[in-house]
Amino acid sequence: MRIVIAGGHGQIALRLERLLAARGDEAVGIIRNPQQSEDLREAGAEPSVLDLESASVEEVAAVLRGADAAVFAAGAGPNSGSERKDTVDRGAAVLFADAAERAGVRRYLVVSSMGADADHPGNEVFDVYLRAKGAADADVRSRPALDWTILRPGMLTDDAGTGQVLLAASTGRGPVPRDDVAAALVELLDTPAAAGLTLELIAGNVPVAVAVKDIAGN
């Protein structure tokens, strides 16, 4: 498969790229900073330098054409302000979905956030972030041209992955290693029956592949 990943230098994206490359898939990571290109190559991915805050739909669609799936894993980052939460976590996600539709890429995965809600109250930066992610998720869910799956991990950690998770429409709060989020994304890419689902993910006691098959009804 050829998979295009927005936010290709993110911590989950780099893990995903390594997993895809290890099994022979072609991963393309969209990055804004060309200095990050070598990190992607080391992960086994092809870098594509493009700024999703300023690129046109056609520019992004050109990268997506011929892909089997698209993964939106971009984010403004923990040190960014409210404005970039909107331009990246919402705006870039909408742009990437527009581009996927234009390029004819149906399979579309979103790395969202537990608690994402377009109507989330509050004025702190994290409140704005949850609203932005929620608005992006709602936009994606409204698109019949996309076979979307939205994954909402719990508190992300850099602990070594266990390969054991809890994956459900609602899991309750909890941590999850980034390793296991990436592993879940790989399984979701392989599971077309997971399309149309919004899922929460935390550490648990079910193997990732089994958890995905169970939730998809396989």
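In this predicted model, Val63 lies in helix H3, and with a relative accessibility of 13% the residue counts as buried, since buried means under 20% relative accessible area. When neighbours within four places in sequence are set aside, Val63 is in contact with Arg2, Val4, Val28, Ile30, Ser48 and Leu50. By contrast with these contacts, the C-alpha atoms of Val63 and Arg173, which stand 110 residues apart along the chain, are separated by 36 Å.

The packing of helices is considered next. Two packed helices are described by the angle between their axes and the distance between the axes. Helix H3, which covers residues 57-64, and helix H4 have axes that come within 8 Å and cross at roughly 60 degrees, which makes H3 oblique to H4. The contact between the two helices is made on one side by Val57, Glu58, Val60, Ala61 and Leu64 of H3, and on the other by Leu95, Phe96, Asp98, Ala99, Ala100, Arg102 and Ala103 of H4. As H3 passes H4, the crossing is right-handed.

Helix H4 also packs with helix H5 (residues 125-141), at an angle of about 10 degrees and with the axes 8 Å apart; because angles under 35 degrees count as roughly parallel, H4 and H5 are described as roughly parallel to each other. To this contact H4 contributes Ser82, Lys85, Asp86, Asp89, Arg90, Ala93, Val94 and Ala97, while H5 contributes Val125, Val128, Tyr129, Ala132, Lys133, Ala135, Ala136, Asp139 and Val140.

The structure holds three aromatic pairs. In one of them, the ring centres of Phe96 and Tyr108 are 5.8 Å apart and the ring planes lie at 45 degrees, so the pair is classed as tilted. This pair links distant parts of the chain, as Phe96 belongs to helix H4 (residues 82-103) and Tyr108 to strand E5 (residues 107-111), with their positions 12 residues apart in the numbering. Phe96 is buried, at 0% relative accessibility, and Tyr108, with a relative accessible area of 0%, is buried as well. Together with Phe72, Phe96 and Tyr108 form one aromatic cluster, and Phe96 is also among the residues through which H4 makes its contact with H3.

Helix H1, formed by residues 11-22, has 12 residues and reaches 17 Å from its first C-alpha to its last, a span close to the 16 Å expected at 1.5 Å a residue. Within H1, the residues Ile12, Ala13, Leu14, Arg15, Leu16, Glu17 and Leu20 are buried. H1 is followed by Gly24, for which the phi angle is positive, near 95 degrees.

Further along the chain, the axes of H6 and helix H7 (residues 208-215) come within 9 Å and cross at roughly 45 degrees, and the two helices are therefore oblique to each other. Their crossing is right-handed, and the contact is made by Ala183, Ala184, Glu187 and Leu188 of H6 together with Val208, Ala209, Val212 and Lys213 of H7. Thr191 is found in the loop between helix H6 (178-189) and strand E10 (197-203), and this residue is buried, with a relative accessible area of 5%. Although Thr191 and Ala216 are 25 residues apart along the chain, their C-alpha atoms are separated by 7.5 Å.

Terms used. Residues numbered from 1 in each chain as written. Predicted model: local features only at pLDDT ≥ 70, side-chain atom pairs only at ≥ 80, totals over all residues. Heavy atoms only, no water. Phe/Tyr/Trp six-rings, centres within 6.5 Å; stacked < 30°, edge-to-face > 60°. Helix = DSSP H or I, 4+ residues; strand = E, 2+ residues; numbered from the N terminus. Buried < 20%, exposed > 50% of the residue type's maximum accessible area, 1.4 Å probe, protein only. Expected span 1.5 Å × (residues − 1). Axes fitted to C-alpha atoms, helices over the stretch in contact; angles between N-to-C directions. Parallel < 35°, antiparallel > 145°, perpendicular 65-115°, else oblique. Left-handed = near helix turned anticlockwise from the far one by under 90°. Contact = heavy atoms within 4.5 Å.
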